[in-house]
Amino acid sequence: MARRPKRSDNGGPPLDDYKGPPWGKGDPYIFLAWQAAHAKAWKAPSRDVMLMRMEKAEKLGLTYEEYTLEILERGLHLQPKDADRIAAIKVGRKRRRVARLD
């Protein structure tokens, strides 16, 4: 006889029945190295660094997130001379906005 679902059950598979390690069947060293790198990359910067990035992003016409993501992804601190890259970021912003409306 099938068990009767609880009132809050969404009908999906149980999420907390996995008894194995968090890295699954992969290499634990690689899992832990990526986990540490992710935590280090997304650690909140100091207040001064955040304010500096906000100021620079505002001067370039970008959001704080766009400016910071460019630093994290490419290691590039954008300058006014990088007009083509800034324009590409702004074009991508427009595409994302249109995609959300679909």
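**Close-up 1. Arg 85, partly exposed at 26% relative accessibility, pairs with a glutamate from another helix.** This is a predicted model. The partner of Arg 85 is Glu 70, and their side chains meet in a salt bridge of 3.0 Å, N to O. Glu 70 sits in helix H3 and Arg 85 in helix H4 (residues 83-101), so this pair ties together parts that are 15 residues apart in sequence. Count it as a polar contact too: the two side chains are joined at 3.0 Å. As for the chemistry, side chains of opposite charge can pair when their charged atoms come close.

**Close-up 2. Glu 70 in helix H3, buried or exposed?** Glu 70 is buried, with just 2% relative accessible area, because anything under 20% falls in that class. Who are its neighbours, once residues up to four places away in sequence are set aside? Glu 70 touches Gly 75, Leu 76, Leu 78, Arg 85 and Ile 89. Arg 85 is thus on the contact list and is also a salt-bridge partner of Glu 70.

**Close-up 3. Arg 74 and Glu 70 make a salt bridge inside helix H3.** Their closest N and O atoms are 3.3 Å apart. The two residues are four apart in the helix, which means about one helical turn separates them. Arg 74 is partly exposed at 46% relative accessible area, while Glu 70 is buried at 2%. So here a partly exposed arginine reaches a buried glutamate.

**Close-up 4. Glu 73 joins in through Arg 74.** The side chains of Glu 73 and Arg 74 meet in a salt bridge, 3.1 Å from N to O. Glu 73 is exposed, with a relative accessible area of 53%. Which residues end up linked in the network of salt bridges? They are Glu 70, Glu 73, Arg 74 and Arg 85. For the wider tally, the structure holds five salt bridges.

**Close-up 5. Glu 66, another residue of helix H3 (residues 64-74), contacts Arg 93.** The side chains of Glu 66 and Arg 93 make a polar contact of 2.8 Å. Glu 66 counts as buried, at 11% relative accessibility. Glu 70 also has its place in helix H3, and its own polar contact is with the side chain of Arg 85.

**Close-up 6. Asp 27 caps the N-terminal end of helix H1.** A side-chain oxygen of Asp 27 lies 3.3 Å from the backbone nitrogen of Tyr 29. How far should the 14 residues of H1 span? At 1.5 Å a residue the answer is 20 Å, and the end C-alpha atoms of H1 are 20 Å apart, which agrees.

**Close-up 7. Tyr 29, Ile 30 and Trp 34 form a nonpolar patch on the surface.** Together these three residues have about 440 Å² of accessible area. Ile 30 lies in helix H1 (residues 28-41) and is partly exposed, with a relative accessible area of 46%. Tyr 29 turns up in two of these views: its side chain belongs to the patch, and its backbone nitrogen is where the Asp 27 cap comes in.

Key. Residues numbered from 1 in each chain as written. Predicted model: local features only at pLDDT ≥ 70, side-chain atom pairs only at ≥ 80, totals over all residues. Heavy atoms only, no water. Patch = residues over 30% accessible without salt bridge, like charges linked within 9 Å, V, L, I, M, F, W, Y side chains within 5 Å. Areas by Shrake-Rupley, 256 points an atom, 1.4 Å probe, with all protein chains shown as cover. Salt bridge = Lys/Arg side-chain N within 4 Å of Asp/Glu carboxyl O. Buried < 20%, exposed > 50% of the residue type's maximum accessible area, 1.4 Å probe, protein only. Polar contact = N/O pair within 3.5 Å; in protein donor to acceptor, adjacent residues only side chain to side chain. Contact = heavy atoms within 4.5 Å. Expected span 1.5 Å × (residues − 1).
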